[in-house]
Amino acid sequence: MPESARTARDTLRETLVHLGGAPLQGGLYVCANAWEPYVEEAAHRLGAHGSLTLLTTTDLRRGDTQEPAELARRLWPLQEIADRYHRLGRIARPRLARLTGPAELSSSALLTIAVELAAELTRAMEPDPLLPPQLLPRPWPGTRAREQIAQCWAALYERDQGEARPVLFRLYADITREAADRVTR
């Protein structure tokens, strides 16, 4: 993209990283998931689609590194992301105990827990490129932390006693449905 479109170029780069991309070198990004429709939509929105080049490959090598999990470790900040999930788990565990315990919780206590969980989930997931499991270290702390959040969210829904849920939290309903699906299988 030309220098005259610097703002659009910088915004597109930020969008690529937000969508899970990792920079390889000047203007070249890689993603482990199919992201083409999202990249194209962003490029159209920014008036940059004419400058966009898309390429798919299953044969990526950086230097002598070509093993997929090692490439992922080198391209994405997996330890930083794992640390965020460890923190999410530390936040979720005591809240889950409160939510599933016998003590009565007020509407304001439930809302406080929901806000805390939503904030921590967002903090953990925003930088996560959501790599396929085969590219992640095992055990991956994100798996357990997201399960705990789903359990918390399900317990929050059980405890709300039919009260209207804040619109803000509709975003997190998918996590609860996913957890419920796993339980019924």
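In what order do the elements of the protein run from the N terminus on? The order is α-β-β-α-α-α-α-α-α.

## Overall make-up

The model described here is predicted. Its secondary structure consists of seven helices and two strands. The protein has 185 residues, and 36% of them are buried.

Contacts can also be sorted by how far apart the partners are in sequence. Taking contacts between residues at least 6 apart in sequence, 65% join residues at least 24 apart.

## Nonpolar cores

The largest nonpolar core contains 33 residues, and those with the most contacts inside it are W76, L99, L117 and L156. Four elements give two or more residues to this core: α3, α4, α5 (107–125) and α6 (141–159). Helix α4 provides the largest share, nine residues. Another core lies apart from this one; it has seven residues, including Y29, C31, W35 and A42.

L99 is one of the residues with the most contacts inside the largest core. Which residues does L99 touch, not counting those up to four places away in sequence? They are L105, L110, I113, C152, A155, L156 and R159. L156, in this list, is also among the residues with the most contacts inside the core.

## Two alanines of helix α4

Helix α4 covers residues 78–100, and A97 lies in it. A82 has its place in helix α4 as well. Are these two alanines buried or partly exposed? A82 has a relative accessible area of 7%, so it counts as buried, the limit being under 20%. A97 has a relative accessible area of 48% and is partly exposed.

Each of the two can be paired with a residue 58 places away along the chain. For A82 the partner is W140, with a C-alpha to C-alpha distance of 7.2 Å. For A97 the partner is A155, and their C-alpha atoms are separated by 9.9 Å. Leaving aside neighbours within four places in sequence, A82 is in contact with W140 and P141.

## The loop between α5 and α6

D128 is found in the loop between α5 and α6. Its relative accessible area is 9%, so D128 is buried. The side chain of D128 makes a polar contact of 2.5 Å with the side chain of Y85. Apart from neighbours within four places in sequence, the contacts of D128 are I81, Y85 and R146.

Two details of the backbone also belong to this loop. Most residues other than glycine have a negative phi, and most peptide bonds are trans. L130, which is in the loop between α5 and α6, has a positive phi, near 50 degrees. L130 is partly exposed, with 43% relative accessibility. P139 is in the loop between α5 and α6 too. The peptide bond that joins R138 and P139 is cis, with omega about -5 degrees.

## The loop between α2 and α3

T65 is in the loop between α2 and α3. Why does T65 count as buried? T65 has a relative accessible area of 10%, and buried means under 20%, so T65 falls in that class.

The side chain of T65 is joined to the side chain of R74 by a polar contact of 3.3 Å. R74 also appears among the residues in contact with T65 when neighbours within four places in sequence are left aside; the others are L60, E70 and L71.

## The largest pocket

Rolling a probe the size of a water molecule over the atoms shows where empty space is left. The largest pocket has a volume of about 1,000 Å³. It is lined by 36 residues, and the closest to its centre are Y29, V30, C31, W35 and L55. Three of these names, Y29, C31 and W35, also appear in the core of seven residues.

Which elements each supply at least two residues of the lining? They are α1 (6–18), β2 (28–30), α2 (36–45) and α3 (68–75). α3 is also one of the elements that give two or more residues to the largest nonpolar core. By class, the pocket lining has 23 nonpolar, nine polar and four charged residues.

Note on methods: Residues are numbered from 1 along each chain as its sequence is written. This is a predicted model: local features need pLDDT of at least 70, side-chain atom pairs count only at pLDDT 80 or more; totals for chains, interfaces and linings use all residues. Side-chain values use heavy atoms; hydrogens and water are left out. On a 1 Å grid over the protein atoms alone, a cavity is a set of points where a 1.4 Å probe fits but cannot get out, and a pocket is an open set with protein on both sides within 12 Å along at least five of seven lines; lining residues have an atom within 4 Å of a point. Grid points are joined across faces, edges and corners, and a volume is the space filled by probe spheres set on the points. Ala, Val, Leu, Ile, Met, Phe, Trp, Tyr, Cys and Pro count as nonpolar, Asp, Glu, Lys and Arg as charged, and the others, Gly among them, as polar. Buried means under 20% relative accessible area, exposed over 50%, partly exposed in between (1.4 Å probe, protein chains only). A polar contact is a pair of N or O atoms within 3.5 Å; within protein, one must be able to donate a hydrogen and the other to accept it, and residues adjacent in sequence count only if both atoms are side-chain atoms. Contact means heavy atoms within 4.5 Å. A nonpolar core is a set of buried Ala, Val, Leu, Ile, Met, Phe, Trp, Tyr and Cys residues joined through side-chain atoms within 4.5 Å.
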